[in-house]
Amino acid sequence: MKIHNLKVGPIDTNCYLVEDETTKECLIIDPGDDAGAISQLIEKKQLKPAAIVITHGHWDHVGANKILKEKYNLPIMMSEEDVFGLKMTDSPAPDQNLKEDDEIKAGGLVFKVLQTPGHSPGGISLYSKEEKVVFTGDTLFKGAYGRVDLPGSSPESMVFSLKKLLALPRETKVYPGHGQTTTIGAEQDLPATAR
Ligand SMILES: [Zn+2]
C-alpha cells in the first residue's frame, strides 16, 4: 500500500489517494477541492481510482466530488447521516451508504468502516488492521480532535468515538482530515487534559 497526500482547498484538507501498488487501484478519500491537482497525481502515478470515500459531509471534504465522479465514473461512498451537508455543495448524492463494519476494497486493500460521529452525525473512519492505518477524518487529529460546536455535532458522541479510535492497536498510523499524521500510541500517551 502507498498513501499519497494532497492538501487541498482553503483550509488545507488532507485528500488521500490510497494505492494498491500491485494493481494500481486506489481509493480517493476526501477530495475537498483541487480536482485538477488530484487528477494530475492520478495520471502521473497511473492510478486506477475505484471509489470516492467521504469521511464526513462537510464542504471542505467534498468539493471535488462532482468533477472526479464524472471524470472517472466513480461511486461516492459515505454515511447517509451526513448527506445534509452536501446540500450546501455541488456534490452529487452518494451512491453507497457506509455503516459500521462495511468493507471497502481497492485491489487487495480492504478497509473496515468505523462509525465515529461527534464532529458530524455521519462521521466515519476507515481502518485496515493488516496495513495498520486508520483514516480519521475530522474526528481524531494529532494532539486534538474535531470541532463539536457545529450543526449536527455532539460532544457526547465525540467522546465515544475517540475512545473507540484510541482502543485500536498502538502501532496504528493515523491519517487525519487536517494536519499531520500521528499514531494511536502517541495519542493514547497524551494526558486527557492535553486534548
Ligand atoms: Zn468537518
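**Exercise 1. Place E130 in the fold and decide whether it is buried or exposed.**

Start with the loop: E130 sits between β9 (124–128) and β10 (133–137). Strands here are DSSP runs of E with at least two residues, helices are runs of H or I with at least four, and both are numbered from the N terminus. Next, accessibility: E130 has a relative accessible area of 62% and is exposed, given that exposed means over 50%, buried under 20% and partly exposed in between (1.4 Å probe, protein chains only).

A word on the model: it is predicted, so local features need pLDDT of at least 70 and side-chain atom pairs pLDDT 80 or more, while totals for chains, interfaces and linings use all residues. Residues are numbered from 1 along each chain as its sequence is written, and side-chain values use heavy atoms, with hydrogens and water left out.

**Exercise 2. Find which elements feed the largest nonpolar core.**

First, the core itself (buried Ala, Val, Leu, Ile, Met, Phe, Trp, Tyr and Cys joined through side-chain atoms within 4.5 Å): the largest has 21 residues, and L17, I28, I38, I42, I52 and L68 have the most contacts inside it. Then go through the elements giving two or more residues: β1 (2–8), β2 (13–19), β3 (25–29), α1 (35–44), α3 (65–72) and β5 (76–78). Finally, α1 supplies the largest share, four residues.

**Exercise 3. Work out how K66 and E70 are placed for their salt bridge.**

Count salt bridges as a side-chain nitrogen of Lys or Arg within 4 Å of a carboxyl oxygen of Asp or Glu; the structure holds nine. For K66 and E70, the N to O distance is 3.4 Å. The two are four residues apart in helix α3, so about one helical turn separates them. On accessibility, K66 is partly exposed at 32%, whereas E70 is exposed at 57%.

**Exercise 4. Say which parts of the chain are linked by K69 with D95, and which by K164 with E100.**

Take K69 and D95: their closest N and O atoms are 2.9 Å apart. That pair joins helix α3 to the loop between α4 (83–86) and β6 (96–97), 26 residues apart. D95 is partly exposed at 45%.

Now K164 and E100, also a salt bridge, at 2.9 Å from N to O. K164 lies in helix α5 (residues 155–166) and E100 in the loop between β6 and β7 (103–106), so this pair ties together parts 64 residues apart in sequence. K164 is partly exposed at 22%, and E100 is partly exposed at 29%.
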